[in-house]
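Work through these short exercises with the structure open beside you. Try each task before reading its solution.

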Amino acid sequence: MEIIKDGHVVTNDWRHLSDDEVLPEQAITVSVQRWKSEKDRLLTGGVPLGLRLNSDDSLEELAADLGFFSIIVLEFRKFTDGRSFSLARLLRERYGFDRELRARGDFLRDQIFFLSRVGINAFEPNGSANLQEMLPALQEFSVKYQAAVDVKEPLYRRRK
Amino acid sequence: MYQYDNYDQTLVNERAAQFRNQTERFLKGELSEAQFLPLRLMNGLYVQKHAPMLRIAIPYGLLASRQLRMLAHIARTYDKGYGHFTTRQNIQFNWPKLEDVPNVLAELATVQMHAIQTSGNCIRNVTSDHLAGVSQDELEDPRPYCEIIRQWSTLHPEFSFLPRKFKIAINGAAKDRAATQLHDIGLQLVKNERDEVGFEVLVGGGLGRTPIIGVTIRPFLEKKHLLSYLEAILRVYNRYGRRDNKFKARIKILVKELGKEKFTEMVEAEWAAIKDNLLLDLEEIERIRKFFQPPPYETLTDDPPLLEKTAHDSRFAAWFRHNTVPHKVPGYRVVFLSLKTPGKPPGDLTESQMDSVADLADRYSFGEIRVTHTQNLVLADVKQADLLELWQEIQALGLATPNIGTATDIICCPGLDFCSLANATSIPIANGIQHIFDNLDYLYDLGDIRINISGCMNGCGHHTVGHIGILGVDKKGEEWYQITLGGSSGKDASLGERLGPSVSKEQICLAVEAIFQTYRDQRLEDEAFLETVRRIGMRPFQERVYGDN
């Protein structure tokens, strides 16, 4: 399976483990629930770990654990739910998470410009989306009025 | 007014191109109805009863004459020859074809206009006082801040998929002409004890089916913190606002459920974490302020012969008294063009009227027009010496009905005639009430009365804050109307109280007339309608409208 990462279509090397699946010998992401109940076992499993966050999961509770993860996956159950846009920005700006931050699930091509601006660098859309055709949407706008994760200064400080 | 530079222009061009692509994908079936919905709404495009409806932003109500000419062109070319000005300082076109909308947006972009965020669950068009910069009671012109917020909120990456729509209004005058207490965020320019000007921040006001008056969560915010504070409020709302029920998704419900103290605490905590990284430069405020400098006024004195002219012609005198207000610069006056001609849909303007108003703005008011939230137009900078001539011209256009602020200056949504949400017609009710007044003396005798009509509980006609509010309801397929009294959107903001059972379409105008009569019988000398309602309460009005039983 392929995803978009850092502006390119690449192979996905993470397995999103469900809560009742046996731990495999490969890089896995787990839900917040599984992380909370099996933290010690997961940490001794010897495989790279990632965390999957739903839009209503409490980021504040997990802040101390973020260093354990090589990837955080923001799950989009509904493309109209904008909470994860704030979570992404907080992860990058407040908690300093500098590894892969991935959007997964139900989001639109038309949202990936916004998602990339709040710090998401990888995209794993539902179903049969044509990833190559999605790529141009990352550059749909050349003008960014506000400071965000991608540009630290508002446009008025960059105007010439 | 604000002038786009290359950045602003590029953005609206790119937005128009993006929407063309989205529309094409939808028409080809690559985007589903549900997927296209929020995308088209964020470009002001509804699918309405008869055709799509396109809502175009008029930021804080300011229009250049060339922009109004473009709106005339769009009305002529893509619509049925007219447009409808709304309470949101917007204009709506009711009949564009979906496949034409990308072209409309591209044409609008050539005159620095757009439809960005005029609908959808995002930060909407920022509204303000239509007398900004010219009124005598102003602490500071709010429009530079409106423009700063416009830029900050446009395509905001974090806040484009909020739980619900989000409305911000700013007022800089002593009198509140922007209904700041009835917005998700209201900003009132105030002075602190050290004589510095900043913002009082109100949150959680709003109309619709759960009308609530906003609460002050910060009595004084320094200007440099404007954007960080907004960002903090929006982030708290985006994360914790309800998404399970669209009727409970507005920030007013979050504020109510958490309580003002808890909500304020959350905003302040969020703000403390970001405020130092998100300072608004005072130089930027100055840069934007330069776009709102006063026009090149002539040095004049107030015009004494004007009194003579008003004495000579009683019709001109009535217009002067009701449709113009004082200006802060000697020798000038602010002119309202009434879009409330009896028998016409309130807020509508034809393409030829638009062209003519644009010409008048060029000749008499430095090429600028303003749109009010009461659905009228304003020429803000007219020389007193020109008033008689201007009046003759706008009379010929049918825009001189001398009724601003009176019972026939009705705020009215499009209602069942155009809107697919509506339960009842509203334009015919407005017209019916206007027809009570074949005698202007009777109208003037009633004084200032704000009548607001909505065709459904979504409240686009702001019925809950009308001195007299009328709400259309559906009863087994028939149109009925609920009446409220005592609402206000001004400094003394209040929500109207329900008078009693709803009345039928046949009875509604009679009921309104009975309310007028009750007021005439009960008022004390010089007492305005709203004051009388507040003093005597509902009972006398109920007796007159419903009889004794």
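## Exercises on a predicted model

Just past H5(B), B:Leu155 adopts a positive phi of about 55 degrees. The model is predicted.

**Exercise 1.** State how many residues of helix H5 of chain B are buried, and name them.

*Solution.*
- Step 1. Locate the helix: H5 of chain B covers residues 143-153.
- Step 2. Apply the cut-off: a residue is buried when its relative accessible area is under 20%.
- Step 3. Count: eleven of the eleven residues in H5 of chain B are buried.
- Step 4. Name them: B:Arg143, B:Pro144, B:Tyr145, B:Cys146, B:Glu147, B:Ile148, B:Ile149, B:Arg150, B:Gln151, B:Trp152 and B:Ser153.

**Exercise 2.** Give the order of helices and strands in chain A.

*Solution.*
- Step 1. Tally the elements: chain A holds six helices and eight strands.
- Step 2. Read from the N terminus: β-β-β-β-α-β-α-β-α-β-α-β-α-α.

**Exercise 3.** Does the radius of gyration of chain A agree or disagree with that of a compact globule?

*Solution.*
- Step 1. Take the expected value: a compact globule of 160 residues would have a radius of gyration near 15 Å.
- Step 2. Compare: chain A has 16 Å, which agrees.
- Step 3. Add the box: the C-alpha atoms of chain A fill roughly 55 × 35 × 25 Å along the principal axes.
- Step 4. Add burial: 57% of the 160 residues in chain A are buried.

**Exercise 4.** Describe the charged side chains of chain A.

*Solution.*
- Step 1. Count: chain A carries 24 positive and 26 negative side chains.
- Step 2. Locate the centres: those of the two sets lie 6 Å apart.

Technical notes. Residues numbered from 1 in each chain as written. Chains lettered and ligands numbered in written order. Predicted model: local features only at pLDDT ≥ 70, side-chain atom pairs only at ≥ 80, totals over all residues. Heavy atoms only, no water. Helix = DSSP H or I, 4+ residues; strand = E, 2+ residues; numbered from the N terminus. Rg over C-alpha atoms; globule rule 2.2 N^0.38 Å. Buried < 20%, exposed > 50% of the residue type's maximum accessible area, 1.4 Å probe, protein only. Lys, Arg positive; Asp, Glu negative; His and termini not counted. Charge placed at Lys NZ, Arg CZ, Asp CG, Glu CD.
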